[in-house]
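Colleague: I would be grateful for a close look at a single part of this model. Please take the strand hairpin and its surroundings, and then the contact between the domains.

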Amino acid sequence: MDIKSFKGLVAVHGTPTLFLYETRLRECYQQLHAALPGVVLYYAVKSNATPELISILSDEDSCFDVCTNGEIDIVKGCGVTPDRCIHTHPIKRDTDITYALQYGVTTFVADNEHELSKFVPYKDRVRILIRMSIQNPGCLVNLSHKFGVAPEKTWALIRKAYKLGLDIAGISFHAGSQNENALKYIEALEYCRDIYRKAALRGIIFDTIDIGGGFPISYLTPVIPMVQFCQPINEYLDRFFSNYTIIAEPGRVLSGPSMLLATRVMGKSLRNGVWWYYLDDGMYGSFSGKMYDHADYPMFVGREGPRHTSVLAGPTCDSIDVIYENISLPRLEIGDLLIFESMGAYTSASASNFNGFPRAKIVLVN
Ligand SMILES: *Cc1c(COP(=O)(O)O)cnc(C)c1O
């Protein structure tokens, strides 16, 4: 990023603003696509549902992972056709299923028998991915805490689905978000291999395997390049799943690096010997990811000089709205610009306008 041109953008658009860098987003997509050759990428809309971002990914030929009627409306509004979408919410109401079907989405996810029964009336029109859980306490967000059938119970569930006459496409899993351990994918694939073999022996034919999302990005510490990260996954897939359609549901790795946040100091106060700086974005806004996603973002402060223990707080009147306590910063002035990187995933997506502070606006930079 060129700081001078960035300041020019901020001068035009004000703060708080999330700048969406089109070239960076395209690069992220192309890098992942190159790192997972032959894998069809379904962007997880929940990580960032900004229409401009969806449209750019759609232009890159991405497919989309949607979970709700609202997400369907968004991708539909961006001209994405339903054959490029899968519905991955493991728990749905009948109206959610019919809404997706009406649009033309036909691949769904289930992780228990109650959910499977809901598809019986539509069994000639749907394909089901069985979501298997993979515990990963080591990553930022464990996406198997709430959903997924245990690996040792997956085969029994598949048999139930088969008995109900449902078309099972294969297994899906999520190895944990911001998962820096590629072997977690292999662990999950090992379970799948066993189940796919059992199924084939009994004449149950799967054609798809869904390796989910979870691919990590650089926050405060850099991660290895995607090509390197994905190498063991590719080797395993080549060896044991070469006859299947392989799909993935990347969210963070595509949306995360694509946005920078510009925020300004709107006030400051020396309280008990500690400098408090109040920013125009906070925990109820773009930094909601600090709370829900447990992420920590690289920060740039355009000042130098002796550092002091400081606090960075958000703008609202609530005491929980503190972004960093005990952070060492040079003396800041009111109006100073602070820039945060890797702010594209699970940030604005979970922001609110609590206390009357609007969400950061989103500006596309091409
Ligand atoms: C959130 C989610 C994703 C995206 O995960 P990332 O870690 O952001 O890549 C993919 N699939 C499902 C089912 C999800 O819930």
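Modeller: In the hairpin formed by S10 and S11, two residues lie between the strands, and Asn272 adopts a positive phi near 50 degrees. The model is predicted: local features require pLDDT of at least 70 and side-chain atom pairs pLDDT 80 or more, whereas totals for chains, interfaces and linings use all residues. Residues are numbered from 1 along each chain as its sequence is written, and side-chain values rest on heavy atoms, with hydrogens and water left out.

Strands here are DSSP runs (E, at least two residues), numbered from the N terminus, and two strands pair if DSSP finds at least two bridges between them. S10 and strand S11 (residues 274-279) are antiparallel and share six bridges; within this pairing, Val265 has Leu279 of S11 as its bridge partner. S10 also pairs with strand S15 (residues 337-340), again in the antiparallel sense, through four bridges, and Arg264 stands opposite Leu337 in S15. Strand S1 (residues 17-21) is joined to S10 by four bridges and runs antiparallel to S10; Leu20 has Met259 of S10 as its partner.

The wider setting is a chain divided into domain 1 (3-17 + 257-365) and domain 2 (22-254), with bounds taken from an automatic or database domain assignment. The C-alpha centres of domain 1 and domain 2 are 33 Å apart. Their contact (heavy atoms within 4.5 Å) involves 20 residues from domain 1 and 21 residues from domain 2. Together the two domains bury about 1,700 Å², of which 59% is on carbon and sulfur atoms; buried area is the accessible area (1.4 Å probe) that two parts lose on being put together, summed over both.

Between domain 1 and domain 2 there are two salt bridges, each defined as a side-chain nitrogen of Lys or Arg within 4 Å of a carboxyl oxygen of Asp or Glu. Arg252 forms a salt bridge with Asp293, with 2.8 Å between the closest N and O atoms. On the side of domain 1 that touches domain 2, the elements giving two or more residues are strand S10 (259-271) and strand S16 (361-365). S16 supplies the largest share of that side, three residues. By class, the side of domain 1 that touches domain 2 comprises twelve nonpolar, five polar and three charged residues; Ala, Val, Leu, Ile, Met, Phe, Trp, Tyr, Cys and Pro count as nonpolar, Asp, Glu, Lys and Arg as charged, and the others, Gly among them, as polar.
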